[in-house]
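I opened the model to look up its charged pairs, its core and a few backbone oddities. My entries follow in the order in which I checked things.

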Amino acid sequence: MKKSIILMLSFVIVSFARSVGQSSKILVEEHFVENDRGWNLGEDNNVVRKIENGKMILESKKYQTGKGGGYWIRLPDFKLPANNYSVTFTTHWVKNVKPNDTYNPYGMILGDYYFLAYGDGERRLLKYDTAAKKYETIVDWGAQSVINKRDNGDNKWEIRYQDGKAAFYANGNMLYKKEVKIPEGTSVKLYIENSEMVEFDDLVVRSL
């Protein structure tokens, strides 16, 4: 009798493990060991884009040139599915060249949505209206204690998109969850703005 119960429990555990493994599948994994994916690297008057010491380093030079604005770099040869996926990535804030204690954002763009963080521990969500050519604030600025400020450590970010809602996490803590519409076939873009220098690493997309 005991042997039968043990066998039954073993079967249940194995079946559960298989179902979990099947439900979550890694779609892309990038640790920036080298540029074998063909990222658009280089330097111009606006930005430095380089892979160094296992990191993607983006440094905006727009503040120095007086132009302002942001820059994004696209994950090559990959498109997101329609729903039920997670995008995780790690950042390390390096510096801000502004002389005052203000910061510009960095983060990720999915579709028309900008999932943003700041060196002083704030977070924000913007949507770009392509018709009106302006940004709409979905989640306004808000300081979060779970976000490591300035260069006081890495931040692990996650965007989960399920059932028409995107949840944004910092270091395992949900910052907000909002209804959004991210089309199938959307690219993944790393983003930096105006005056910032940030290292990106451990970019992983998986199905949920």
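**Salt bridges**

I looked up D201 and found its side chain in a salt bridge with that of K55, at 3.4 Å from N to O. I count a salt bridge when a side-chain nitrogen of Lys or Arg is within 4 Å of a carboxyl oxygen of Asp or Glu. The pair links distant parts of the chain, with D201 in strand β15 and K55 in strand β4 (residues 55-60), 146 residues apart. Helices (H or I, at least four residues) and strands (E, at least two) are DSSP runs, numbered from the N terminus. D201 counts as buried because its relative accessibility is 9%. My cut-offs are under 20% relative accessible area for buried, over 50% for exposed and partly exposed in between (1.4 Å probe, protein chains only).

The model is predicted, so local features need pLDDT of at least 70 and side-chain atom pairs count only at pLDDT 80 or more, while totals for chains, interfaces and linings use all residues. Residues are numbered from 1 along each chain as its sequence is written, and side-chain values use heavy atoms, with hydrogens and water left out.

Next I took E59, whose side chain meets that of K95 in a salt bridge of 3.6 Å, N to O. This pair also links distant parts of the chain: E59 is in strand β4 and K95 in strand β6 (residues 85-96), 36 residues apart. E59 counts as buried at 16% relative accessibility, whereas K95 is partly exposed at 35%.

The third pair I noted is D140 with R124, where the closest N and O atoms are 3.9 Å apart. D140 lies in strand β10 and R124 in strand β9, so the pair ties together parts that are 16 residues apart in sequence. D140 is partly exposed, with a relative accessible area of 42%, and R124 counts as buried at 13%. The structure holds eight salt bridges.

**A lysine without a partner**

Which side chain of opposite charge is nearest to K62? I found D44, 8.0 Å away, and K62 has no salt bridge although it is buried. For charge, Lys and Arg count as positive and Asp and Glu as negative; His and the chain ends are not counted. K62 is in helix α2 (residues 62-65). Not counting residues up to four places away in sequence, K62 touches N46, K67, G68, G69, G70 and N194. Contact here means heavy atoms within 4.5 Å.

**Positive phi**

N194, on that contact list of K62, has a positive phi near 60° and is not a glycine. N194 is in the loop between β14 (188-193) and β15 (196-207), and it counts as buried at 12% relative accessibility.

K133 also drew my attention, with a positive phi of about 55° in a residue that is not a glycine. K133 is in the loop between β9 (122-129) and β10 (134-143). Is K133 buried or exposed? At 66% relative accessibility, K133 counts as exposed.

I then checked the hairpin of β12 and β13, which has two residues between the strands; N171 there takes a positive phi near 50°. Strands β12 (residues 165-170) and β13 (residues 173-179) pair in the antiparallel sense over six bridges. Two strands pair if DSSP finds at least two bridges between them. A170 stands opposite N173 in β13.

**Core**

The largest nonpolar core has 48 residues, and M108, L110, F115, W157, L190 and L203 have the most contacts inside it. Strand β8 (residues 113-117) gives the most to this core, with five residues. Such a core is a set of buried Ala, Val, Leu, Ile, Met, Phe, Trp, Tyr and Cys residues joined through side-chain atoms within 4.5 Å. I listed the contacts of M108 beyond four places in sequence; among them are V87, F89, F115, I159, L190 and L203.

**T90**

T90 is in strand β6 and is buried, with a relative accessible area of 9%. Beyond four places in sequence, its contacts include D154, N155, E199 and D201. From T90 to H31 I noted 9.9 Å, C-alpha to C-alpha, at 59 residues apart in sequence.

**Totals**

I closed with the secondary structure, which comes to two helices and 15 strands. Buried residues make up 41% of the 208 residues.
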